[in-house]
Amino acid sequence: MPGPEFGIRPRGLCRGAALTLVFAGALATVSMTGPWVYDDEPQPASAVRPATAHASRGEAARASADAVARAAADAVADGKSGKKAAEAAVSRSGDRWGAVYGPAEYEDFEQSLDGEYTGVGLVAKRCADGRVQVERVRPGGPAARAGLRRGDALRGIDGRAVDRRPVTEVVALLRGDGLGAAAGTPVRITLQRGAKVWTQEVRRANLPTDAVTVENLADGAVLIKVTSFTRGSGQRVREAVRGAPAGKGVLLDLRGNEGGLVDEAVTVAATFLDGGLVATYEDHGRQRALHAERGGDLARPLVVLVDGGTMSAAELVTGALADRGRVLTVGSRTFGKGSVQKPRRLADGSVAELTVGHYRTPAGRDLDGRGITPDLVETERARERAEAVLSGLQGGS
């Protein structure tokens, strides 16, 4: 679930996961929402360190999660907001990727993983000074049609000031959570661009996530763009690969992919592998492993495009394919988010997504804060370079 060369965010700039109106931030994590396959089979020594090496970190994660739960329970017992108390506890814990969602927010998040959401089509993030600003605008969406731009500061929503509010609350206000706000309902957004401050009415819409798109290239190869790992995205990639012409390659574009459901990411990796280890990860100090199903396509040429916005589960896929010698990577260094978040229900029905550990690639690499440097570093003409490499792999001129 992961940010973001971006690589590692410079200190003092806007920090924290960019929270989308699609997933309320959980796509910036290696999210454990949804079905997971836990596999405790013996693993190669190179892939797993002794459990004692992670014991203290696991104990710290468990203690932090317990502290968040206690804070929420104590607040509810005192007649106060459990969600706000939990948010304060997460902030004190130093969990960079931790977040707390109200019941309605989390329900909307889970529904959005089915591939559609109601919103205005933008990504928001919080800056170090407490401001919330637009990080990205979805092309063709309501926010784009209303003229919103990256860098615009969000100052108010329907008359409520949003400075210093958690981004999850800002997202909830934009979506109209708890108000029955359907597609077509208006939301008034107060914005600031430089010295200009104005209020813009934007109408919400039902927006598909378009997590997987397929494009046929001129030489018969197939470009598969995966923007996030929503439910069914792994199967869509598998079907696209099976439908590609025999002997032709696949260009898997993971640029800007902030992650998502890890089981879907494993399915994508398995499409190009014949079984074997995809990743190991920690869950409160306990080591677990993720394995690919057998029967993937080992013969088809494969190139993966990455950049500084490639995060989390997208890095898990890239790392697995690279360590298994299955791919050439092109682009710029990935973000470097190797932490794993897991949901925990709190006393008032809120849900805390808290870091429980870190994952490692099949070769035992910890990508957190490091990312993946591609085989061929290219920024300005990355796709063109990747297509040329793929053409060479499949025997083109």
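This passage walks through the sheets, cores, aromatic rings and unusual backbone spots of a predicted model.

A good place to start is the open sheet of six strands. Read across, the order is β12-β13-β14-β18-β19-β22, and the pairing is mixed. β12 (212-216) and β22 (376-377) take the edge positions; each has a single partner strand, so one side of each goes without a neighbour in the sheet. As a general point, strands in a sheet pair up through backbone hydrogen bonds, in either a parallel or an antiparallel sense. The parallel kind turns up between β14 (residues 250-253) and β18, which are held together over four bridges. Within that pairing, aspartate 253 sits opposite leucine 305 of β18.

The antiparallel kind can be seen in β20 (residues 339-345) and β21 (residues 351-360), joined by seven bridges. Here arginine 345 has valine 351 in β21 as its bridge partner. Together β20 and β21 make a hairpin with five residues between the strands, and glycine 349 in this hairpin adopts a positive phi near 95 degrees.

Next come the nonpolar cores. In soluble globular proteins, nonpolar side chains tend to be buried together. The largest nonpolar core in this model counts 41 residues, and those with the most contacts inside it are Ile224, Val226, Phe229, Leu252, Val278, Val317 and Leu321. Take isoleucine 224: leaving aside neighbours within four places in sequence, this residue is in contact with Val212, Thr213, Val237, Ala240, Val241, Val250, Leu251, Leu252 and Asp253. Another core, of 21 residues, lies apart from the largest one, and includes Leu122, Ala143, Leu154 and Val167.

The aromatic rings are worth a look too. There are two aromatic pairs in the count. One of them brings tryptophan 97 and phenylalanine 335 together edge-to-face, with 5.9 Å centre to centre and 80 degrees between the planes. This pair ties together distant parts of the chain, 238 residues apart: tryptophan 97 is in the loop between α2 (82-93) and β3 (99-101), while phenylalanine 335 is in the loop between β19 (328-331) and β20. Tryptophan 97 has a relative accessible area of 9% and therefore counts as buried; phenylalanine 335, at 1%, is buried as well. The other pair is formed by tyrosine 101 and tyrosine 106, whose rings are tilted, at 6.1 Å centre to centre and 45 degrees between the planes. Both of these tyrosines, 101 and 106, are buried.

Tryptophan 97 shows up again with a lysine: lysine 337 lies over the face of its ring, 5.0 Å from the ring centre. A similar arrangement involves lysine 196, which lies over the face of tryptophan 198 at 4.6 Å from the ring centre.

Finally, the backbone has a couple of oddities. Most residues other than glycine have a negative phi. Aspartate 158 is not a glycine, yet its phi is positive, at about 50 degrees. It belongs to the loop between β7 (153-157) and β8 (160-161), and with 42% relative accessibility aspartate 158 counts as partly exposed. Serine 312, again not a glycine, has a positive phi of about 55 degrees. This serine is placed in the loop between β18 (302-306) and α8 (313-323). Aspartate 158 is partly exposed, whereas serine 312 is buried, with a relative accessible area of 0%.

Methods. Residues numbered from 1 in each chain as written. Predicted model: local features only at pLDDT ≥ 70, side-chain atom pairs only at ≥ 80, totals over all residues. Heavy atoms only, no water. Helix = DSSP H or I, 4+ residues; strand = E, 2+ residues; numbered from the N terminus. Buried < 20%, exposed > 50% of the residue type's maximum accessible area, 1.4 Å probe, protein only. Pairing = 2+ DSSP bridges. Core = buried A, V, L, I, M, F, W, Y, C linked by side-chain atoms within 4.5 Å. Contact = heavy atoms within 4.5 Å. Phe/Tyr/Trp six-rings, centres within 6.5 Å; stacked < 30°, edge-to-face > 60°. Lys NZ or Arg CZ within 6 Å of the ring centre and 35° of its normal.
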